[in-house]
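Student: I would like to learn how to read accessibility, salt bridges and strand pairing from a set of coordinates. Where should we begin?

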Amino acid sequence: MKRYFLLILMAVVSFPVFGQNKPANQIFWESLAGHCGKSYQGVVTTPIADNDPFAGKKLVMHVVDCGEGFIHIPFFVGDDKSRTWVLTMQDGLIKLKHDHRHEDGSPDKVTQYGGIASNTGLAGIQFFPADQETADLIPASATNVWWISLDETSFTYNLRRMGTDRFFSVKFDLTKVVESPGPAWGWEK
């Protein structure tokens, strides 16, 4: 009888421990979704030329729309509101796509490139190697790897084109909410 009681007690005590273990990407996802409705200003942290489209521009990300399995983050570069990072949960993994729009909201001819995480990653970082759709759309981007780092104070978007010197990184300060510059082109919110 003692043996059965001990087995039942161990099962009851250990059950909550197993129930609390979440995949790292779920923790990342929930942390990012906690910023829904907020905007943050960022800076490019990699060297850029004076004539680069990002040079001297105010950079703002707006976690505008969070729903069941998706998070939309328009990325404004000065008055250019053509870029949106679209994160979706697909088969237990996070997918990153880049949605580019014209001012009237119609899709750009180079849009929907990105990739899906190859594993659950870590709670503070997710990697997205270029998928086949990206390789077909932009052959030079077949070796792209994007990653997003997220902690209590910052969100960092990164791009590295493997086998080249191409590296881009922009870091947003999550400690200071800024006013949204308005809706992104093609998005109602």
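Tutor: We begin with a cut-off: a residue is called exposed when its relative accessible area is over 50%, buried when it is under 20%, and partly exposed in between. Keep in mind that this is a predicted model. Lys176 has 56% relative accessibility, so it counts as exposed.

Student: Is Asp173 buried, exposed or partly exposed?

Tutor: Asp173 has a relative accessibility of 27%, and therefore counts as partly exposed. Asp173 and Lys176 form a salt bridge, with 4.0 Å between the closest N and O atoms.

Student: Which residues are joined into one network by salt bridges that share partners?

Tutor: The network consists of Lys97, Asp131 and Glu133. Take the pairs in turn. The side chains of Lys97 and Asp131 form a salt bridge with an N to O distance of 2.7 Å. Lys97 belongs to strand β6 and Asp131 to the loop between β8 and α3, so this pair ties together parts 34 residues apart in sequence. Lys97 also forms a salt bridge with Glu133, where the closest N and O atoms are 2.7 Å apart. Glu133 is in helix α3, so this second pair links parts that are 36 residues apart in sequence.

Student: What are the relative accessible areas of Lys97 and Glu133?

Tutor: Lys97 is at 7%, which means buried, while Glu133 is at 44% and partly exposed. Asp131 is buried, as is Lys97. The structure holds six salt bridges, and those of the network are among them.

Student: How do I read the nonpolar core, and which residues touch the most other members?

Tutor: Look for buried nonpolar residues joined through side-chain atoms within 4.5 Å. The largest such core has 31 residues; Ile73, Trp85, Leu87, Phe155 and Val170 touch the most other members. Leaving aside residues up to four places away in sequence, the contacts of Trp85 include Ile73, Phe155, Val170, Phe172 and also Lys97.

Student: Which strands pair with β11?

Tutor: Count the bridges between strands. Strand β1 (residues 39-44) is joined to β11 (residues 167-178) by five bridges, in antiparallel order. There, Gly42 stands opposite Phe172. Strand β10 (residues 154-161) is also antiparallel to β11, with seven bridges, and Asn158 faces Ser169 across that pair. The hairpin of β10 and β11 has five residues between the strands, and Gly163 adopts a positive phi near 80°.

Student: How many helices and strands does the protein chain have?

Tutor: There are three helices and 11 strands. Of the 189 residues in the chain, 39% are buried.

Notes: Residues are numbered from 1 along each chain as its sequence is written. This is a predicted model: local features need pLDDT of at least 70, side-chain atom pairs count only at pLDDT 80 or more; totals for chains, interfaces and linings use all residues. Side-chain values use heavy atoms; hydrogens and water are left out. Two strands pair if DSSP finds at least two bridges between them. Helices (H or I, at least four residues) and strands (E, at least two) are DSSP runs, numbered from the N terminus. Buried means under 20% relative accessible area, exposed over 50%, partly exposed in between (1.4 Å probe, protein chains only). Contact means heavy atoms within 4.5 Å.
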